[in-house]
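Please look over the sequence and the model shown here. The report is meant to be read with both in view.

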Amino acid sequence: MDFIERLQALSKKVSQVSDNLATEEATKNALVMPFLHSVLGYDVFDPNEVVPEFTADTGTKKGEKVDYALMKEGVVQILIECKKYGDPLSTKHANQLFRYFSVTNARIAILTNGSQYQFYTDLDAPNKMDEKPFLTLDLEELDEHVVPEIKKLTKSSFDVESVVDAAGELKYLNQIKKVLTEQFQEPEEDFVKFFTSKVYEGVQTAKVKNQFLEITTKALKQFLNDSINARLKSAMGGDVKESISTFEDAIEQSIDDKDIEEKSKVQTTEEELEGFNIIRAILRQKVEVQRIHSRDTQSYFGVLLDDNNRKPLCRLWFNTKQKYIGIFDDQRNETRHPIESVDDIFNFSEQLQSTISLYE
């Protein structure tokens, strides 16, 4: 198999084994080691290439270990810290990576839960691991743009200088893409205000803001359609209105079909509904219960304020043996907390009520 096929094969494996990954060790054996071997091309059984439980004493910290160190000619190249499948990835849970990064020759660090892989380097300060990753790979939602960058990290292609040189652009490129995606879906007030000021000279009253929110949202969607049409005309040449119309119909139908297909795969359970009712009972002390909405997906059951994706209140992760409730902080970062039953949701009443204040 070529590189992309190996990556896709491991991607399929995640859904096949995820229900049985109850520990960090199970995650490493089922997903992380195959990633190092099949995808990156390292011999996981050769200590000259892969050192498990790598130790490098750092000042007052003695005997701490990082899960793996990838070696080249006896020198550490990449450090890897693993979490259990389903655990959220946060640099605050990767203290060993930060410390080891400053005392080894490694220029690349990876934080992973077997499904998601976050890649770090030292762009902000020499020999100090950045707070934010320059690249993120999600095996459950493969991004074709990420694949070539992952290939650069394989044993046969690895060149640390070229990877670090490209990391700066990748870091900000991915962050800007994320912001643009969010704005295209639900434009923020400042985003709308910027475009409004370019075409409207009057006072931006509340009525004008609401009007231009709708106009801007439509303009963004039409801009995407026009861009696709222009590229089609360039590629096909001539008068292709009919072809474009057919293409747009096909795209629209494809989106509708995909939406139907995705919805058909979602099965809302009694436990999820019970959990949702408990959350509404907790939050109705802060807001009207009609403002609390739910959106079920294949992975989690989401609870939103005002049915707005930008106002997540929590998530219920009930599709695996270990149940979790995901709580959001003021940066919309989610932290999953294990629970044994839906009644345990009451233990998070204070955090849930505090989340309301983020949007009010």
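What follows covers confidence, one helix pair, a cavity and a pocket.

## Model and confidence

This is a predicted model, in which local features need pLDDT of at least 70 and side-chain atom pairs count only at pLDDT 80 or more, while totals for chains, interfaces and linings use all residues. Residues are numbered from 1 along each chain as its sequence is written, and side-chain values use heavy atoms, with hydrogens and water left out.

The mean pLDDT (the predictor's confidence in each residue, from 0 to 100) of the protein chain is 83, and 87% of its residues reach 70 or more. Among the elements of the chain, helix α2 (residues 24-39) has the highest mean pLDDT, 94, and helix α8 (residues 241-265) the lowest, 50; helices here are DSSP runs of H or I with at least four residues, numbered from the N terminus. Over residues 240-244 pLDDT stays under 50, and for this stretch the model has 5 contacts (heavy atoms within 4.5 Å) beyond four places in sequence.

## Packing of α1 and α2

Helix α1 (residues 3-17) packs with α2 at an angle of about 170°, and their axes are 10 Å apart; axes are lines fitted to C-alpha atoms over the stretch in contact, and angles run from 0 to 180 degrees between N-to-C directions. That angle makes α1 roughly antiparallel to α2, a label used for angles over 145 degrees.

From α1, the residues F3, R6, L7, L10, K13, V14 and V17 meet A30, L31, P34, F35, S38 and V39 of α2. By class, this contact has 10 nonpolar, 1 polar and 2 charged residues, where Ala, Val, Leu, Ile, Met, Phe, Trp, Tyr, Cys and Pro count as nonpolar, Asp, Glu, Lys and Arg as charged, and the others, Gly among them, as polar.

## The cavity

The structure holds 1 cavity of 30 Å³ or more; on a 1 Å grid over the protein atoms alone, a cavity is a set of points where a 1.4 Å probe fits but cannot get out, a pocket is an open set with protein on both sides within 12 Å along at least five of seven lines, and lining residues have an atom within 4 Å of a point. The largest cavity has a volume (the space filled by probe spheres set on the points) of about 40 Å³.

Its lining consists of F134, E149, K152, S162, V163, A166 and L170, which divide into 4 nonpolar, 1 polar and 2 charged. Helix α5 (residues 160-185) gives the most to this lining, with 4 residues.

## The second largest pocket

The second largest pocket has a volume of about 290 Å³. Of the 16 residues that line this pocket, P187, E188, E189, V192 and L213 are the closest to its centre.

Terms used
Helices (H or I, at least four residues) and strands (E, at least two) are DSSP runs, numbered from the N terminus. Angles under 35 degrees count as roughly parallel, over 145 as roughly antiparallel, 65 to 115 as roughly perpendicular and the rest as oblique.
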